[in-house]
Amino acid sequence: MTDLRTHRDPDVWKLSVDWVEAVYRCSVSWPSDERFGLIRQVRRSAVSVAANIAEGAGRNGTGEFVHFLGVARGSLAEVETHLLIAARLGYLTTDNLQPLLADMERIGRMLSALSTRLKQRRHD
């Protein structure tokens, strides 16, 4: 198992929660007819990143945690797709998109590193 006390301990969870807030703020200005389309999708998948980190940390074993970190990485890819579509539709400027993508890349690296550490610890 891990030495985490709660799901709020990993820095990647903290960064992902901040990032979700940024995704919500950027999507506020998107057209209202996207409320049940792209806005809902991008927000749902962004929240899924932080939620899967939390769920994995709250599970009984390291293997389960690693699995949920993989699900979180999948949700990151989903958000990236939504954001790129939003940019192509003119809902996001490059200035708004780039920080979100940069944070996504950082979260992805952190998820991979945490997953690797957990796998190594499982075999030690």
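Analyst: Let's start with a cut-off: a residue counts as buried under 20% relative accessible area, as exposed over 50%, and as partly exposed in between. Now try it on the model above, which is a predicted one. Glu 64 has a relative accessibility of 32%, so it counts as partly exposed.

User: Okay, that one I can follow. Where is the place of Glu 64?

Analyst: Glu 64 sits in helix H3. Leaving out residues up to four places away in sequence, Glu 64 touches Gly 56 and Arg 59. You can also pair Glu 64 with Gly 108: they are 44 residues apart in sequence, and their C-alpha atoms are 18 Å apart in space.

User: You just mentioned Arg 59. Where does Arg 59 lie?

Analyst: Arg 59 is in the loop that runs between H2 and H3. With a relative accessible area of 31%, Arg 59 is partly exposed. Compare positions along the chain with positions in space here too: Arg 59 and Ala 77 are 18 residues apart in sequence, and 23 Å apart from C-alpha to C-alpha.

User: Let me zoom out. How many helices and strands are there in the protein?

Analyst: You'll find four helices and zero strands. Going along the sequence, that reads as α-α-α-α.

User: And how does the radius of gyration of the protein stand against the globule rule?

Analyst: The idea is to set the value beside what the rule gives for a chain of that length. Here the radius of gyration is 15 Å, close to the 14 Å from the globule rule for 124 residues, so the protein is as compact as a globular protein of that length. For the outline, picture a box of roughly 50 × 25 × 20 Å along the principal axes, filled by the C-alpha atoms.

User: What share of the contacts with a separation of 6 or more comes from residues 24 or more positions apart?

Analyst: It's 72% of them. That's a handy number when you trace which parts of the chain meet.

User: Now the inside. What do nonpolar side chains tend to do in soluble globular proteins?

Analyst: In general, they tend to be buried together. In this structure, the largest nonpolar core has 34 residues, and the ones with the most contacts inside it are Trp 19, Trp 30, Ile 53, Leu 83, Ile 107 and Leu 111. Helices H1 (11-27), H2 (38-57), H3 (62-88) and H4 (94-123) are the elements that give two or more residues to this core. H2 supplies the largest share, nine residues.

User: Which residues is Ile 107 in contact with, leaving aside its neighbours within four places in sequence?

Analyst: Ile 107 is in contact with Val 12, Leu 15, Ser 16, Trp 19, Val 49 and Leu 76.

User: There's a serine in that list. Is Ser 16 buried or exposed?

Analyst: Ser 16 has 0% relative accessibility, so it counts as buried. This serine lies in helix H1. Beyond residues up to four places away, Ser 16 touches Val 49, Ala 50, Ile 53 and Ile 107. Another pair to look up is Ser 16 and Ala 72, 56 residues apart in sequence and 10.0 Å apart in space between C-alpha atoms.

User: Which residues does Ser 45 touch, not counting those up to four places away in sequence?

Analyst: Ser 45, found in helix H2, touches Ser 75, Glu 78, Val 79 and His 82. Its relative accessibility is 0%, so Ser 45 counts as buried. Then look at Ser 115 in helix H4: at 3% relative accessibility, it counts as buried. With residues up to four places away left out, Ser 115 touches Val 66, Leu 69 and Arg 73.

User: Is Arg 106 buried or partly exposed?

Analyst: Arg 106 is partly exposed, at a relative accessible area of 43%. It lies in helix H4. Arg 106 and Val 79 are 27 residues apart in sequence and 14 Å apart from C-alpha to C-alpha.

User: Last bit, the whole protein. What percentage of the 124 residues is buried?

Analyst: Buried residues make up 40%. On the outside, the accessible surface is about 7100 Å², with 49% of it belonging to carbon and sulfur atoms. As for charge, there are 17 positive and 15 negative ones, and their mean positions are 3 Å apart.

Key. Residues numbered from 1 in each chain as written. Predicted model: local features only at pLDDT ≥ 70, side-chain atom pairs only at ≥ 80, totals over all residues. Heavy atoms only, no water. Core = buried A, V, L, I, M, F, W, Y, C linked by side-chain atoms within 4.5 Å. Buried < 20%, exposed > 50% of the residue type's maximum accessible area, 1.4 Å probe, protein only. Contact = heavy atoms within 4.5 Å. Rg over C-alpha atoms; globule rule 2.2 N^0.38 Å. Areas by Shrake-Rupley, 256 points an atom, 1.4 Å probe, with all protein chains shown as cover. Lys, Arg positive; Asp, Glu negative; His and termini not counted. Charge placed at Lys NZ, Arg CZ, Asp CG, Glu CD.
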